[in-house]
Amino acid sequence: VRKLNPATGEVITKIAAAEAEDVDVAVQAAQKAFPAWAETPAAERGRLLLRLADLIEENSEELAQLESLDTGHPIKDSRRLDVPRTAACFRYFGGIADKIEGNVIPVEQGFLNYTTREPIGVVGQIVPWNFPLMFTSWKLGPALAAGNVVVMKPSEITPLSTLKIAELIKKAGFPDGVVNIVPGYGHTAGQRLADHPDIGKISFTGSTQTGRSIVNASSGNLKRVQLELGGKGANIVFEDANLDAAVNGAAWAIFHNQGQACIAGSRLVLHEEIADQFLEKFVALAQSIRLGDPLDPNTEMGPLTSELHRDKVLAYAKIAVEQGGKILLGGTAPQDARLKNGYFVMPTIVEAKVDDRVAQEEVFGPFVTVIRFKDDAEALQIANGTEYGLGSGLWTNNLQRAHLFAKKIKAGMCWINSYKRVNPGSPFGGVGKSGYGREMGFEAIHDYTEVKSVWVNVDAIIPPHFQRGE
Ligand code: NAD
């Protein structure tokens, strides 16, 4: 696969593309490594993950530069967010490895009933291109802590940082075969992971359409599936909100990583009383965002990660206008000659009706759709009015309203007076067409283990089950 620099369109390097047969070899290596890995003391598995976290910190600058070169993330963000969050995630799961406990259940007299959590076996993991480094840790951390072995496929568009992590995994001392990285295309290597008869679980982050095809492919051996798919996050600003904080939070919610985030606050739902005032400040802030070379520490927004994706995002500006939407800012590539070969898109703000395509479909770019509301009931209806349910946010100083919305909103995550917070201890995932299962936190450990219930007759006297004769 030719690996292109999204900021310039130039070829950086070439990466091998694994075919289905290569995936089969990786699965065999993983199967071979599984018994010993599952039997390795949990504290030792944890120690290796902690060592990996240390190595990530020791190699932080190289990883940050690779991630920015590969994806177009501004280097400032790769340094202060992607790399530290990746190390923190491995460290969290390193710490959890020897704390995965079962329960003792109070059953009938004379019996002891307890549960254990066992690893599933070989798990397949498919990573997208928007946060390749961080998502590598979200997927490997819980799987390995729980005693599974892994075959992981990075996106064909952004394999570099995952390959560097593979090198650090080896250096940390993980036994051979425990982690296998197979770069390659979705329809070949990815498809084989999804339909492989010896893979017990597949974890996927990406589009809803691909998620559906993975569910279909997984049915042969009924493998477990965890899906983290798209979103159309509603970010609601009420009339009593601290407007400056909300403007700042809303800009971060949609423009961080050029909007290429499943949890992006891509629907800005504004109370009509404050909408004009809010938009004036919001447009001014968006206009001031510095686009540029991702490796320049002053850059605040880089290019989109691929040309195809840039074209898809720009097409949505046309779609918005065709349906009567109003472009308040952007909707085009920047004019700046320095940026002409990269896949840049201007921060884009569009006002539209609630049923318009740009208010319903995931654009996955620096593209926010503004919708106005008049009261709480309408705000909730708008927020819950898409097929997705991943991230959501609300800005208000009314305590009752905040908690009521947190309860009623259809989403896996809800941020109150903030947006887009993530922490390895806090479960991450969605409902509806945003997928199912959770990454991070103890929920992820649950998703990577099988529960076994064990019954012991301690001192129960069991009468004969079948009475015969007199
Ligand atoms: P995609 O779902 O096609 O790709 C994500 C990963 O899945 C890649 O590693 C890819 O190789 C793999 N894949 C593709 N087809 C596969 C198949 N048939 N079987 C197994 N694996 C397969 O995403 P995309 O086409 O690169 O992006 C399209 C849209 O998806 C974006 O515009 C965005 O809306 C959404 N997306 C969401 C996320 C997220 O974080 N939830 C991430 C990336 C993309």
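How many strands form the open sheet that begins with β12 in the order, and is the pairing parallel, antiparallel or mixed? In this predicted model, seven strands make up that open sheet, arranged in the order β12-β13-β14-β11-β10-β15-β16 with mixed pairing. Its edges are taken by β12 (326–329) and β16 (415–416), and each has a single partner strand, so one side of each is left without a neighbour in the sheet. Further in, β13 (residues 348–351) and β14 (residues 367–373) run parallel and are joined by four bridges. For readers following along in the structure, V350 makes a handy starting point: its bridge partner in β14 is T369.

An open sheet of six strands is also found, again with mixed pairing, and here the order reads β7-β6-β5-β8-β9-β17. At the edges stand β7 (179–181) and β17 (435–436); because each has a single partner strand, one side of each is left without a neighbour in the sheet. Within this sheet, β5 (residues 122–126) and β6 (residues 149–153) run parallel, with five bridges between them. One residue pair is worth picking out, since it leads on to the ligand: I126 has K153 as its bridge partner in β6.

K153 appears again at the ligand, where a polar side-chain atom of this residue lies 2.8 Å from a ligand oxygen atom. The ligand has 26 residues around it, of which W129, K153, E156, K312 and E362 come nearest. N130 also places a polar side-chain atom 3.2 Å from an oxygen atom of the ligand. At G206, by contrast, the backbone is involved: one of its N or O atoms lies 3.5 Å from a nitrogen atom of the ligand. Taken alone, the ligand exposes 810 Å², and the protein buries 85% of that area.

The space that the ligand takes up is the largest pocket. Several elements contribute to the surrounding shell, with at least two residues supplied by each of α7 (186–195), β8 (201–205), α8 (208–217) and α11 (307–322). Among these elements, β8 is also a member of the six-stranded sheet, where it sits between β5 and β9 in the order. Sorted by class, the shell comprises 10 nonpolar, 11 polar and five charged residues.

Conventions: Residues numbered from 1 in each chain as written. Predicted model: local features only at pLDDT ≥ 70, side-chain atom pairs only at ≥ 80, totals over all residues. Heavy atoms only, no water. Near = heavy atom within 4 Å. Polar contact = N/O pair within 3.5 Å; in protein donor to acceptor, adjacent residues only side chain to side chain. Areas by Shrake-Rupley, 256 points an atom, 1.4 Å probe, with all protein chains shown as cover. 1 Å grid on protein atoms, 1.4 Å probe; cavity = no way out; pocket = protein on both sides within 12 Å on 5 of 7 lines; lining within 4 Å. Sits in = over half its atoms within 2 Å of the grid points. Nonpolar A, V, L, I, M, F, W, Y, C, P; charged D, E, K, R; others polar. Pairing = 2+ DSSP bridges.
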